[in-house]
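Here are some short exercises to work through with the structure open beside you. Try each task yourself before reading its solution.

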Amino acid sequence: MSETLALTRALIAQNTIDPPGNERLAAMVIAQALRREGIEPLVYEISPGRTNLVAKIRGTGELPALAFSAHFDTIGVEPEKWQVDPFAGEIREGRLYGRGATDMKGGMAAMTVAALNIVRSGRQLKGDLLLTFSAAENSDCLGARRLLADGHFSGVGALLVSEPTGNRTFVSEKGALWLRATARGEYGHNAFSEDRQGDRGNAIVRLARYLDKAHDLKLEAPEHRHIGPPTINIGMIRGGLSFPLIPDAASADIDVRLVPGQDPESVMAVFQAIAGPHITLELLDFKLPVDTADDHPFVGQCLAACLAEGVENPGPAGVAYYSDAAIIAPALNLPMVIIGPGEVGMSGAVDEYVWLDKLEASTRIFERVALSYLGAE
């Protein structure tokens, strides 16, 4: 069993479903692997049990640092729907199964082993190589926000994220605009509502009529070379006290995926324009789209590494999900690339898996990128 495979299986064995996260378990697995090679990581909690890890392989300081980024937490599971144990790391027909195999414990393990291989090689880097592994990516990227606030990206010149890409080079990701629409109504009892007309003051009905219009909105957006148009999803809805009672409040949360160059204020204005007198909108969160130029030198180094490892159609390309890069890259104006061994669309899936050959290849890709960017080739 290869070191990358063994480390991925050890990470899968730790239940880091968010909530509650409990990323400390997985952070200790990485910390032990690093300590065996004489690398002492910084491991610290952002809240009880929710743990970030930072490790540095020091270079000469002649070049900016390169940050490897991954997160410990995973999406939840419904074990009764799985054909395998989500935490056993079972291997079948060239695939490693388990929660986090794709998103993104496989990528984290590969990045860790790539860094260890560089240390063992004795090659001198001209810039620092950082492992910046975060908690709570699925909880509004809280771990990445803390890493940024604590200054761990100081001196970094580029960011490489190991979210799933099938080992292709992704340079663009959509942003996320989260809204809450709240409808107000007139409380009452259905038994005494004969004189009410129209929506009868029912907040749920008012909200439903608004959501029907919101669902069908067509948002204007600049055409992007890698990413399709913006999308809208009504993902959560709440309201009512009891079915005989006319509700005086109801709300729904809406996810809008934005393309680079799209203005969040103008998007908010479109949703507001269809609101009417009984609907109020609240901005819950906004994560910027991230976009790195196809001809950026760092992109070229990543593409070369993928090509060297036989990746077909290596990119550059883009993806509709967002990553911790949404917090880190825009704040520091960093070039960002996503390369990971998992398959796009496999995140959070039943019977989540990663191909073994892509897992092993990603270790070599990460090592090549680091050596190229940090001037050790």
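**Exercise 1.** Find the bridge partner of Ala-176 in strand 14, then work out how strand 9 sits between its neighbours.

*Solution.* Keep in mind that you're looking at a predicted model.
- Step 1: Go to Ala-176 and look across to strand 14, where its bridge partner is Lys-287.
- Step 2: Now take in the whole pairing: strand 9 and strand 14 run antiparallel and are joined by eight bridges.
- Step 3: Turn to strand 13, which pairs with strand 9 over ten bridges, again antiparallel. Here Leu-177 stands opposite Val-256.

**Exercise 2.** Put the strands of this open sheet in order and pick out its edge strands.

*Solution.*
- Step 1: Four strands make up the sheet, and the order is 11-13-9-14, with antiparallel pairing.
- Step 2: Look for strands that pair on one side only: these are strand 11 (231–239) and strand 14 (279–287), the edges.
- Step 3: Check how neighbouring strands are turned against each other: on average it's 20°, ignoring direction.
- Step 4: Follow strand 11 to strand 13 (residues 249–258): eight bridges join this antiparallel pair. One example is Met-236, whose bridge partner in strand 13 is Asp-253.

**Exercise 3.** Decide whether strand 9 is largely enclosed or not, and say which helix lies across it.

*Solution.*
- Step 1: A residue counts as buried when its relative accessible area is under 20%.
- Step 2: Seven of the ten residues in strand 9 are buried, so the rest of the structure largely encloses this strand.
- Step 3: Helix 6 (residues 264–273) lies across strand 9 (175–184), and also across strands 11, 13 and 14. Its direction is at about 155° to strand 14.

**Exercise 4.** Is Cys-302 buried or exposed, and which residues does it touch?

*Solution.*
- Step 1: Find Cys-302 in helix 7 (residues 297–308).
- Step 2: Its relative accessible area is 0%, so Cys-302 is buried.
- Step 3: Skip the neighbours within four places in sequence, and the contacts of Cys-302 are Leu-160, Thr-169, Val-337, Ile-339 and Val-369.
- Step 4: For a distance check, try Gln-262: it's 40 residues from Cys-302 in sequence and 27 Å away in space, C-alpha to C-alpha.

**Exercise 5.** Describe the largest pocket and its lining.

*Solution.*
- Step 1: The space in this pocket comes to about 360 Å³.
- Step 2: Its lining has 14 residues, and those nearest the centre are Glu-137, Asn-138, Arg-257, Tyr-321 and Tyr-322.
- Step 3: Sort the lining by class and you get seven nonpolar, three polar and four charged residues.

Notes: Residues numbered from 1 in each chain as written. Predicted model: local features only at pLDDT ≥ 70, side-chain atom pairs only at ≥ 80, totals over all residues. Heavy atoms only, no water. Pairing = 2+ DSSP bridges. Helix = DSSP H or I, 4+ residues; strand = E, 2+ residues; numbered from the N terminus. Axes fitted to C-alpha atoms, helices over the stretch in contact; angles between N-to-C directions. Contact = heavy atoms within 4.5 Å. 1 Å grid on protein atoms, 1.4 Å probe; cavity = no way out; pocket = protein on both sides within 12 Å on 5 of 7 lines; lining within 4 Å. Points joined across faces, edges and corners; volume = space filled by probe spheres on them. Nonpolar A, V, L, I, M, F, W, Y, C, P; charged D, E, K, R; others polar. Buried < 20%, exposed > 50% of the residue type's maximum accessible area, 1.4 Å probe, protein only.
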